[in-house]
Number of protein chains: 2
Amino acid sequence: MTIENPSIVYFKDRFIEESECRISLRDRSFRFGDGIFETMLVVNGRIYDMPPHLERLKKGLSAFRLGLDISGLKEICEQVIRRNTLTQGYVRILVSRGVDEEGVVGYLTRGSVPYCVVQAFARPYPGFKPLNLWLSSYKVSFHTPSKTNNALLYTLAMLEASDNKCDNALLLDTEGNICETASGNIFWIKDSVLYTPDTALPFVPGTMRDKVIQLWDGEIKEGRFTLDDLKSAEEVFMTNIGTILAPVSAIGPSGLVLPAGARTKALRRMLDKEIKRAVYI
Amino acid sequence: MTIENPSIVYFKDRFIEESECRISLRDRSFRFGDGIFETMLVVNGRIYDMPPHLERLKKGLSAFRLGLDISGLKEICEQVIRRNTLTQGYVRILVSRGVDEEGVVGYLTRGSVPYCVVQAFARPYPGFKPLNLWLSSYKVSFHTPSKTNNALLYTLAMLEASDNKCDNALLLDTEGNICETASGNIFWIKDSVLYTPDTALPFVPGTMRDKVIQLWDGEIKEGRFTLDDLKSAEEVFMTNIGTILAPVSAIGPSGLVLPAGARTKALRRMLDKEIKRAVYI
């Protein structure tokens, strides 16, 4: 049974009500977004494909020098699901560098001990719904192996997209290379080839992106592409934990309008099957 | 009288003890560093040169679409100083986009109302102390009119500097242009000319930077400079609220070693005089 508002969170070694969860004013993540996060899909009360999420989290902990032992994290996430009787939705892990000593003003941390918060969110299984993207005026440039709590740019890109009646944003780097959507990865199909930006570009490759690459039975070109490449595509779609795989039906304000193609539909069906197979054993 | 740990903060329309200040798990600044900040110098119980800080804050609120009325903020900052009987140190304003509605998972905010926190920190008046900078492996690229709560990069740059026994970091952009230090602005003197990076580069020009430019009686070149330009300098110094103006005596690992020059000392004396003049009326 899915409850509407899962309220029990894991916070500093305890399972407590969200409302009892008090973040300090000296928390590094509050003051500087000093931390990272992962969001994972829950279906049938089980986390789908957790290992790559934990792998990415580990890379992020190392890159951002967050000394946190995550050996018990899988069990903690499962506990959060059980304690909230969550069947369908997400589990989100947030890591903060911790709380600075009294009196610390600046960027250099003192006395902080990294910790994590694990939270559950109830959501229906994502339908196959076409999305509109807005070509963002914000440019990505930050190379990171994991999602970080420095997400001002993605927040602004989503606000801008929303103002323009779009569901998500398409983000380029400063050189005009297509990189990602504000909260997922982008793909397109042309002449039987699947295209997607190269991981050397400044975006985080998602776990659904990897699955699509594994499932695609044909040629794949990962590289540096511009809007012109995308505009000649036959089918465009995005992937992430929130949509699984969603067709992109329009990109504003460039004017690109596309129907949801047969190969996009086929890929989504394969992903749905693969997810169900994994969580109903 | 300076007290060691000012504890009264302004938080969501109230003056309360820092320990009573509870940040929500759904706070946008905790989850995404979704906010901005300002730090101001307090001498003789008075804020030095507040107008440019408020001006910069306003620009940041506009650029980051934070709808917060700051018309009463000057008085609030003065109240925080009075209630803590702070004579010497800093007042820090942090703006968060606010707390999302229950159930919001992603970047797009819902139901949040921006608010600010004002906090006091006691510190002695900064002495004239030479600093070592570490040439950072992290590159700046984010253009912003104000300091933001997305400060993971500056945190890492300071950690790296600290590991290398340095006091601060020297940051370049991806093209090798000198931009700033991790927490301040950089200047150097050569052949009677004062050099400093152009404000078109990705860094926030500080209020002390502006003062130095006003006080310098000679030619000033603002532009795009590389490490080679800096290496031939006769005197190097940095400015910010924390040091006021501090000579840079070494830049590691490049090997540049410099004595604190007479013109740097003269500029610092002028700044000290200007600060005292302003706060002892």
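Across the interface of chain A and chain B in this predicted model, 20 residue pairs are found in polar contact, with both residues of each pair at pLDDT 80 or more. On the chain A side, the elements that contribute two or more residues to this interface are α1 (28-32), β3 (35-43), β5 (89-96), β6 (115-122), β8 (147-148) and α4 (152-163). Chain A is itself divided into domain 1 (8-122) and domain 2 (131-277), and the contact between these two domains is described after the contact between the chains.

**Extent of the interface between chains A and B**

- In this interface, 60 residues of chain A are in contact with 60 residues of chain B.
- The area buried between the two chains is about 5,100 Å², and carbon and sulfur atoms give 63% of that area.

**Ionic and polar pairing between the chains**

- The rule finds 4 salt bridges across the interface of chain A and chain B.
- A salt bridge joins B:Arg65 to A:Asp163, with the closest N and O atoms 2.7 Å apart.
- Among the elements on the side of chain A that touches chain B, α4(A) gives the most, with 10 residues.
- By class, that side of chain A has 28 nonpolar residues, together with 17 polar and 15 charged residues.

**Arrangement and contact of the domains in chain A**

- The C-alpha centres of domain 1 and domain 2 of chain A lie 26 Å apart.
- Contact between the domains involves 24 residues of domain 1 of chain A and 19 residues of domain 2 of chain A.
- The two domains of chain A bury about 1,600 Å² between them, with 63% of this area on carbon and sulfur atoms.
- Of the area that domain 1 of chain A buries against domain 2 of chain A, 38% is supplied by A:Phe37, A:Tyr48 and A:Arg56, which is more than any other three residues supply.

**Pairing and composition at the domain interface**

- The rule finds 0 salt bridges across the interface of domain 1 and domain 2 of chain A, whereas 10 residue pairs, both members at pLDDT 80 or more, are in polar contact there.
- The elements giving two or more residues to the side of domain 1 of chain A that touches domain 2 of chain A are α1, β3, α2 (50-63) and β5 of chain A.
- The largest share of that side of domain 1 of chain A comes from β3(A), with 8 residues.
- The residues of the same side of domain 1 of chain A divide into 13 nonpolar, 6 polar and 5 charged.

Note on methods
Residues numbered from 1 in each chain as written. Chains lettered and ligands numbered in written order. Predicted model: local features only at pLDDT ≥ 70, side-chain atom pairs only at ≥ 80, totals over all residues. Heavy atoms only, no water. Contact = heavy atoms within 4.5 Å. Buried area = accessible area lost by both parts, 1.4 Å probe. Salt bridge = Lys/Arg side-chain N within 4 Å of Asp/Glu carboxyl O. Polar contact = N/O pair within 3.5 Å; in protein donor to acceptor, adjacent residues only side chain to side chain. Helix = DSSP H or I, 4+ residues; strand = E, 2+ residues; numbered from the N terminus. Nonpolar A, V, L, I, M, F, W, Y, C, P; charged D, E, K, R; others polar. Domains from an automatic or database assignment.
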